[in-house]
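Let's take a quick tour of a protein model, one topic at a time. Keep the 3D view open and click along as you read.

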Amino acid sequence: MNKVVYYVATSLDGFISGVNGDISKFVHHGDAVEKYQADLLNFSTVIMGRKTYEFGYQFGIVPGQPAYPHMEHFIFSESLQIENLSKTVHIEEMSIERINEIVAASPTDVYLCGGGEFAGWLLDNGLIDQLKLKLNPIVLGDGVRLFGNSKISLVAKLIEKESFESGLQFLTYDLK
């Protein structure tokens, strides 16, 4: 069965971005970033929240177009409205059943591209199978938390660890 994989950059203190979406302190170049980009080619389906999709606009994503051209996109939002959607971009209402349908229909594991609030909702509902942290050697102090406002308590199992010269570590955990 396919997994939902939350593959995300985080600071040492658990933030996926700083205040106002600031990601300037995260590592943006080098072998770790190349590995991440290559890993994304293994996914054919991506799920994300509205804020994450809209965050991509500042990096050139055109509203309604895919952020990852090779993936089918499912953006979960109760308020996002875009008139000209690509045939690979779908806007969905928050629904456990819909997440399960998407995961079951995907030919690969499903890439969870954040953000914190959406990831927290998924975690609260037991819908994240694996966590792949790109742990950056930075402390942000404030910003968007890895799992938003989720208060879930769990013990994860570390299944893989990789270190890079930049100080980045990739840590893979099974959550179920």
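Which side chain does Arg98 meet in a salt bridge? It's Glu92, at 3.0 Å from N to O. Keep in mind that what you're looking at is a predicted model. Below you'll find more on charged pairs, then a helix with two sides, then some aromatic rings.

**Charged pairs**

- Here's the basic idea: side chains of opposite charge can pair when their charged atoms come close.
- Searching the whole structure turns up 7 salt bridges, and the Arg98 and Glu92 pair is one of them.
- The two partners sit in different surroundings by the numbers: Glu92 is buried, with a relative accessible area of 13%, while Arg98 counts as partly exposed at 24%.
- Now look at Lys35, which forms a salt bridge with Asp39; their closest N and O atoms are 3.0 Å apart.
- Both Lys35 and Asp39 belong to helix H1 (residues 31–40), where they're 4 residues apart, or about one turn of the helix.
- That spacing fits a general rule: an α-helix has 3.6 residues a turn, so residues three or four places apart point the same way.
- Is Asp39 buried or exposed? With a relative accessible area of 14%, Asp39 is buried, because the cut-off for that label is under 20%.
- Lys35, at 23% relative accessibility, counts as partly exposed.
- Lys35 also forms a salt bridge with Glu162, and here the closest N and O atoms are 3.9 Å apart.
- This pair links distant parts of the chain, since Glu162 is in strand S9 (residues 157–163) and Lys35 is in helix H1, 127 residues apart.
- Glu162 counts as partly exposed too, with 27% relative accessibility.

**Helix H3 and its two sides**

- Which residues of helix H3 (residues 96–105) are buried? They are Ile99, Ile102 and Val103.
- These three cover an arc of only 100° around the axis, so they end up on the same side of H3.
- Flip to the other side of H3 and you'll find Glu97, Ala104 and Ala105 exposed.
- So what covers the buried residues of H3? The cover includes strands S1 (4–10), S3 (45–49), S4 (72–76) and S6 (110–112), along with helix H4 (116–124).

**Aromatic rings**

- A pair of aromatic rings is described by the distance of the centres and the angle of the planes.
- The whole structure holds 10 aromatic pairs.
- Take Tyr7 and Tyr36: their ring centres are 5.0 Å apart and their planes are at 80°, so this pair is edge-to-face.
- Tyr7 comes from strand S1 and Tyr36 from helix H1, 29 residues apart, so the pair links distant parts of the chain.
- Tyr7 and Tyr36 are both buried.
- Ring pairs link these two with Phe164 and Phe170 into a cluster.
- Each tyrosine has a lysine over its face: Lys132 lies 5.2 Å from the ring centre of Tyr7, and Lys134 lies 3.3 Å from the ring centre of Tyr36.

Conventions: Residues are numbered from 1 along each chain as its sequence is written. This is a predicted model: local features need pLDDT of at least 70, side-chain atom pairs count only at pLDDT 80 or more; totals for chains, interfaces and linings use all residues. Side-chain values use heavy atoms; hydrogens and water are left out. Buried means under 20% relative accessible area, exposed over 50%, partly exposed in between (1.4 Å probe, protein chains only). Helices (H or I, at least four residues) and strands (E, at least two) are DSSP runs, numbered from the N terminus. The arc is that of the directions from the helix axis to the C-beta atoms. Contact means heavy atoms within 4.5 Å. A salt bridge is a side-chain nitrogen of Lys or Arg within 4 Å of a carboxyl oxygen of Asp or Glu. Rings of Phe, Tyr and Trp (its six-membered ring) pair if their centres lie within 6.5 Å; planes under 30 degrees apart count as stacked, over 60 as edge-to-face and the rest as tilted. A charge sits over a ring if NZ of Lys or CZ of Arg is within 6 Å of the ring centre and within 35 degrees of the ring normal.
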